[in-house]
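Me: Please take a close look at one part of this model, the negative surface patch, and set it in the context of the chain as a whole. I would like a connected account rather than a list.

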Amino acid sequence: MNVFDIIGPIMIGPSSSHTAGAARLGLVARKILGEEVVQAVIELSGSFARTYRGHGTDKALLAGIMGMGPDDARLRRCLQLAEDEDLDYTFLETDIPDTHPNTARLQLTGCSGKTVTVVGASTGGGNILITEINGLPVTFTAQSNTLLVIHWDQPGTIAAVSNYTAVSGINIGTFQLSRARKGGLAIMMLEVDGEVPEAIIDHLKGIDNIMDIILIQIG
């Protein structure tokens, strides 16, 4: 247990689960998209669906989607800020089976037309768990710097990535692989110690079968 677990996050809002965690969830989804969001369809399940207006979950999710952290004072007025910035957003109450009570599915469209769908939960104390990206199951908390390597599932691809990170001095704390099928689209999730220089990311993008590299930085 760390200090964050004991005292909770620095945040705006009444609930670490419904506001701080929701803001972090929206922010990580924005980072996965990798650009300014122009449209957001936000599906809320469980407790999120029942209490999101009263607990400010709607404001917190939008704040994160707009690039704000849980402690940003603008969170309180982000519904108006979203309208001022022409962010088209919709909240839908739904049921996402077999998930944490505080779960949301965020379907985001960026300024270039790029889209991403992220499913995640606010698990308490401002912590989150990302469980799905574009239909592929994943499991990461974004508490450590995380590299998401989107690639085609071909022999040698994992070895090429892990070998290069090793020789570059990047220590991998946790590694996971998710794939739709053998030879199909896959995601490597590498939770790493320390910073990841841009030059390393640029090199990884040039490896055969790599489609994209996304760095989720903590903080």
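Reply: The chain, which is a predicted model, holds seven helices and ten strands. Its radius of gyration is 17 Å, close to the 17 Å that the globule rule gives for 219 residues, so the chain is as compact as a globular protein of that length. Along the principal axes, the C-alpha atoms fill a box of roughly 50 × 40 × 35 Å, and 47% of the 219 residues count as buried.

Turning to the patch itself, Glu36, Glu83, Asp84, Glu85 and Asp86 together form a negative patch on the surface. Among them, Asp84 belongs to helix H5, which covers residues 78-84, and Asp84 is exposed because its relative accessible area of 52% lies over the 50% cut-off. Asp86, another member of the patch, sits in the loop that lies between H5 and strand E2 (88-94). With a relative accessibility of 64%, Asp86 also counts as exposed, since that value too is over 50%. The backbone of Asp86 deserves a careful look as well, for its phi is positive, at about 60 degrees, although Asp86 is not a glycine.

A positive phi is also found elsewhere in the chain, at Asn209, where the value is near 75 degrees and the residue is again other than glycine. Asn209 lies in the loop between helix H7 (198-205) and strand E10 (210-216), and with a relative accessibility of 29% Asn209 counts as partly exposed, because that value falls between the 20% and 50% limits.

Notes
Residues are numbered from 1 along each chain as its sequence is written. This is a predicted model: local features need pLDDT of at least 70, side-chain atom pairs count only at pLDDT 80 or more; totals for chains, interfaces and linings use all residues. Side-chain values use heavy atoms; hydrogens and water are left out. Patches are made of residues with over 30% relative accessible area and no salt bridge: like charges are joined within 9 Å, nonpolar side chains (Val, Leu, Ile, Met, Phe, Trp, Tyr) within 5 Å. Accessible areas come from the Shrake-Rupley method with a 1.4 Å probe; for residues, only the protein chains shown count as cover. A salt bridge is a side-chain nitrogen of Lys or Arg within 4 Å of a carboxyl oxygen of Asp or Glu. Lys and Arg count as positive and Asp and Glu as negative; His and the chain ends are not counted. The place of a charge is taken as NZ of Lys, CZ of Arg, CG of Asp or CD of Glu. Helices (H or I, at least four residues) and strands (E, at least two) are DSSP runs, numbered from the N terminus. Buried means under 20% relative accessible area, exposed over 50%, partly exposed in between (1.4 Å probe, protein chains only). The radius of gyration is taken over C-alpha atoms; the globule rule is 2.2 Å times the number of residues to the power 0.38.
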